[in-house]
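Visitor: I'm new here, so could you show me around and tell me how each label is earned?
Guide: Gladly, let's take a look together.

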Amino acid sequence: MVEEQREYLDLFLSLGKAMLESGAEIFRVEDTISRLFQAYGMNDLEIFAIRSLIVVSARDGQGHSYTSTKRIYEVGIHMGRLEELNQLSRWICAQRPDAQEINRRFQACIRAESLSARESLFGYMLAAFSFSCFFGGRLRDGAGGAFLGLLLFFMDRRLAPKCPQRLVYIVFASMVLGSFAMLLGCLPLEFQPDKMMIGTIMLLIPGMAFMNSMRDMLSNNEINGLFSCLDTLLTAGAIAIGFVVPLLIGGA
């Protein structure tokens with residue numbers, strides 16, 4: 001019985017960790033883990049979560065105590081996976097399956113890709129094209145922005161996983177995108193580098209992370225909200241540094 005409860009503990013923390021890594025708010029992760037434990041008869045719970053750590057202490061009806069932690073190294077945005085994990089947690093609370101079935105469905109959620117590479121590429125290019133035109137660019141500037149979106153897609157897929165420091169990658173990616181925008185501006189087609197840059201900057205800005213940080217602070221999670229807000233400010237600074245370098249070199 002004790003080993004079975006520990007298995008549930010590890011599974012529920014893994015699910016909470018996956019939700020946090022996919023962009024879920026802190027209060028949502030804590031509430032989900034709490035509901036999962038209560039569905040299996042553990043009501044004496046203490047749950048603490050921040051962007052980098054989840055700690056859970058629980059006690060079952062027989063008085064056995066269980067404590068575990070999960071370290072989170074990277075938080076991103078993966079709304080498709082987050083929706084699947086939310087659906088899985090609701091199903092677990094309603095059906096209360098055994099640990100093997102939970103693990104099977106959980107691993108299926110982690111492996112599943114909500115968007116194909118082609119669909120993601122199209123999204124990158126469409127967003128960069130749209131923002132370049134929205135901020136005053138012409139269709140040719142939108143096309144240039146779409147090209148930069150294509151470049152960013154391949155850097156995110158190939159280079160980002162190999163870079164241990166996210167801020168360093170953001171600075172480098174911004175420098176590359178800014179340099180290509182300046183090079184396109186030198187062509188006789190009269191591209192506007194600033195319009196293409198702003199189109200791709202919008203793909204890098206951590207808007208959802210900033211929104212979540214404000215929401216955390218309004219939900220009495222001030223520590224995590226401040227951490228998240230600081231992270232978004234550092235990310236914005238890295239983007240600015242990366243795009244300023246080619247502008248200075250190009251004499252803009």
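Guide: First, a nonpolar core is a set of buried Ala, Val, Leu, Ile, Met, Phe, Trp, Tyr and Cys residues joined through side-chain atoms within 4.5 Å. Keep in mind that this is a predicted model. Of the 33 residues in its largest nonpolar core, Phe12, Leu15, Phe37, Ile54 and Ile92 touch the most other members. The largest share of this core, nine residues, comes from helix H1.

Visitor: Why is phenylalanine 12 called buried?
Guide: Buried means under 20% relative accessible area. Phenylalanine 12 comes in at 1%, so it counts as buried. Leaving out residues up to four places away in sequence, phenylalanine 12 touches Ile33, Leu36, Phe37, Tyr40, Ile92 and Ile102.

Visitor: What makes phenylalanine 12 and phenylalanine 37 an edge-to-face pair?
Guide: Ring centres have to lie within 6.5 Å, and planes over 60 degrees apart count as edge-to-face. Here the centres are 5.3 Å apart and the planes sit at 90°, so both conditions are met. Phenylalanine 12 lies in helix H1 and phenylalanine 37 in helix H2, so the pair ties together parts that are 25 residues apart in sequence. Ring pairs also link Tyr8, Phe12, Phe37 and Tyr40 into a cluster.

Visitor: Phenylalanine 153 and phenylalanine 154 form an aromatic pair too. Is phenylalanine 154 buried or partly exposed?
Guide: Partly exposed runs between 20% and 50%. Phenylalanine 154 has 40% relative accessibility, so it is partly exposed, while phenylalanine 153, at 6%, is buried.

Visitor: How do you know that lysine 70 is buried?
Guide: Its relative accessible area is 19%, and the cut-off is under 20%, so lysine 70 qualifies. Lysine 70 is in strand S3.

Visitor: What makes the link between lysine 70 and aspartate 10 a polar contact?
Guide: The N or O atoms must lie within 3.5 Å, one able to donate a hydrogen and the other to accept it. The side chains of lysine 70 and aspartate 10 are joined at 3.2 Å, so the distance fits.

Visitor: How do you know that the span of helix H9 agrees with its number of residues?
Guide: At 1.5 Å a residue, its twelve residues should span 16 Å, and the end C-alpha atoms are 17 Å apart, which agrees. In H9, Asn212, Ser213 and Asp216 are buried. They cover an arc of only 105° around the axis, so they are on the same side of H9. These buried residues pack against helix H2 and helix H10.

Conventions
Residues are numbered from 1 along each chain as its sequence is written. This is a predicted model: local features need pLDDT of at least 70, side-chain atom pairs count only at pLDDT 80 or more; totals for chains, interfaces and linings use all residues. Side-chain values use heavy atoms; hydrogens and water are left out. Helices (H or I, at least four residues) and strands (E, at least two) are DSSP runs, numbered from the N terminus. The expected span of a helix is 1.5 Å times one less than its number of residues. Buried means under 20% relative accessible area, exposed over 50%, partly exposed in between (1.4 Å probe, protein chains only). The arc is that of the directions from the helix axis to the C-beta atoms. Contact means heavy atoms within 4.5 Å. Rings of Phe, Tyr and Trp (its six-membered ring) pair if their centres lie within 6.5 Å; planes under 30 degrees apart count as stacked, over 60 as edge-to-face and the rest as tilted.
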